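Here are some notes to read with the structure open beside you. They go point by point, so feel free to jump around.

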Amino acid sequence: LFTGFGTIDEVRSGVLERFRVTPAKRFSILSGYVLFDTCSVIFQCLLFIAIALPFGFRADWLGMLILFPLLALLTITTSSFGNAMGVVLKSEDKYAPLVHGINLPVLLLSGTLLPMSLAPTWLNIVAHFNPVFYVVEAARALALGNIGSIEVLYAVLALVAFALFTMYWATNIFKKVVT
């Protein structure tokens with residue numbers, strides 16, 4: 001979500017303004033930002049795994065390989081949203097409260113810090129509207145080697161839907177701004 005701060009800087013410095021004269025499709029312009037963010041997140045995940053190995057981290061390797069595309073889909077969703085909102089808001093003062101207002105509830109409702117099974121029923125229901133919840137549940141199953149788990153299927157379905165929707169929406173935002 002924080003990728004929008006860089007986009008705001010590029011709006012302010014005129015980089016996106018210069019894209020108006022290029023024949024590049026607006027989807028391609030957005031995809032460049034999203035691909036950079038996705039590669040960065042995948043690299044960071046690999047780095048964290050490499051650091052954790054000497055400290056006793058053990059997980060099913062096939063499950064971890066399946067988890068990376070899920071993380072990429074989550075990054076595509078958040079990067080698309082962050083870049084589009086950066087273009088729309090054009091100000092760190094407007095963007096920061098939005099990002100922090102979204103980031104904390106998404107983190108708390110994802111089950112990353114505490115499993116959502118410990119939460120009240122109503123909160124557990126609300127968590128199911130959070131795409132990160134599905135990634136966390138799938139990650140737990142995949143790390144244990146439960147590749148055929150229903151959590152993995154739910155994560156794939158939810159993340160593909162969210163990624164397609166946010167990429168479509170963000171592309172339309174880029175079309176309006178970078179025309």
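1. A word on terms before we start: a residue counts as buried under 20% relative accessible area, as exposed over 50%, and as partly exposed in between. Please also keep in mind that this is a predicted model. With those limits, Phe2 is partly exposed, because its relative accessibility is 39%. Phe5 falls in that class too, with a relative accessible area of 25%.

2. Let's stay with these rings for a moment. A pair of aromatic rings is described by the distance of the centres and the angle of the planes. The structure holds five aromatic pairs. In one of them Phe2 and Phe5 are stacked, with 6.2 Å from centre to centre and 20° between the planes. Phe133 and Tyr134 make an edge-to-face pair, at 5.3 Å centre to centre and 75° between the planes. Phe133 is buried, at a relative accessible area of 6%, and Tyr134 counts as buried as well, at 14%. Tyr95 joins Phe2 and Phe5 in one aromatic cluster.

3. Next, helix α8, which runs over residues 150-177. Does its length make sense, and what should its 28 residues span? At 1.5 Å a residue the expected span is 40 Å, and the end C-alpha atoms are 40 Å apart, so the two agree. The buried residues of α8 include Val152, Leu159, Met167, Ile173 and Phe174. Small side chains are on that list too, among them Ala155, Ala158, Ala163 and Ala170. If you look for what covers the buried residues of α8, you will find α2 (15-18), α3 (26-52), α4 (61-89) and α7 (131-143) among the elements that do.

4. Now for the interior. The largest nonpolar core has 23 residues, and Leu67, Leu70 and Leu71 have the most contacts inside it. At least two residues of this core come from each of α3, α4, α7 and α8. Helix α7 gives the largest share, seven residues. To see one set of contacts, click on Leu67: leaving aside residues up to four places away in sequence, Leu67 touches Ala139 and Leu142. There is also a second, separate core of 11 residues, which includes Ile29, Tyr33, Ala84 and Ile173.

5. Ala143 deserves a look as well. This residue lies in helix α7 and is partly exposed, with a relative accessible area of 26%. Which residues does Ala143 touch, not counting those up to four places away in sequence? They are Ala59, Asp60 and Met64. Ala143 and Met64 are 79 residues apart in sequence, yet their C-alpha atoms are 6.2 Å apart in space.

6. On to charged pairs. How many salt bridges does the count come to? It comes to two salt bridges. One joins Arg12 and Glu92, whose closest N and O atoms are 2.7 Å apart. Arg12 lies in helix α1 (residues 4-13) and Glu92 in helix α5 (residues 92-108), so this pair ties together parts that are 80 residues apart in sequence. Glu92 is partly exposed, at a relative accessible area of 29%.

7. The salt bridge between Arg140 and Glu137 has an N to O distance of 3.5 Å. These two residues are three apart in helix α7, so about one helical turn separates them. Arg140 is partly exposed at 34% relative accessible area, and Glu137 is partly exposed at 21%.

8. Last, the cysteines. A disulfide is a covalent bond between the sulfur atoms of two cysteines. The count here comes to zero disulfides. Cys39 is in no disulfide, and the nearest cysteine sulfur, that of Cys45, is 12 Å away. Why is there no bond from Cys45 to Cys39? The sulfur of Cys45 is 12 Å from that of Cys39, its closest cysteine sulfur, and this is too far for a bond. The cut-off applied is 2.5 Å between the sulfur atoms. As for accessibility, Cys39 counts as partly exposed, at 48%.

Note on methods: Residues numbered from 1 in each chain as written. Predicted model: local features only at pLDDT ≥ 70, side-chain atom pairs only at ≥ 80, totals over all residues. Heavy atoms only, no water. Helix = DSSP H or I, 4+ residues; strand = E, 2+ residues; numbered from the N terminus. Expected span 1.5 Å × (residues − 1). Buried < 20%, exposed > 50% of the residue type's maximum accessible area, 1.4 Å probe, protein only. Contact = heavy atoms within 4.5 Å. Core = buried A, V, L, I, M, F, W, Y, C linked by side-chain atoms within 4.5 Å. Phe/Tyr/Trp six-rings, centres within 6.5 Å; stacked < 30°, edge-to-face > 60°. Salt bridge = Lys/Arg side-chain N within 4 Å of Asp/Glu carboxyl O.
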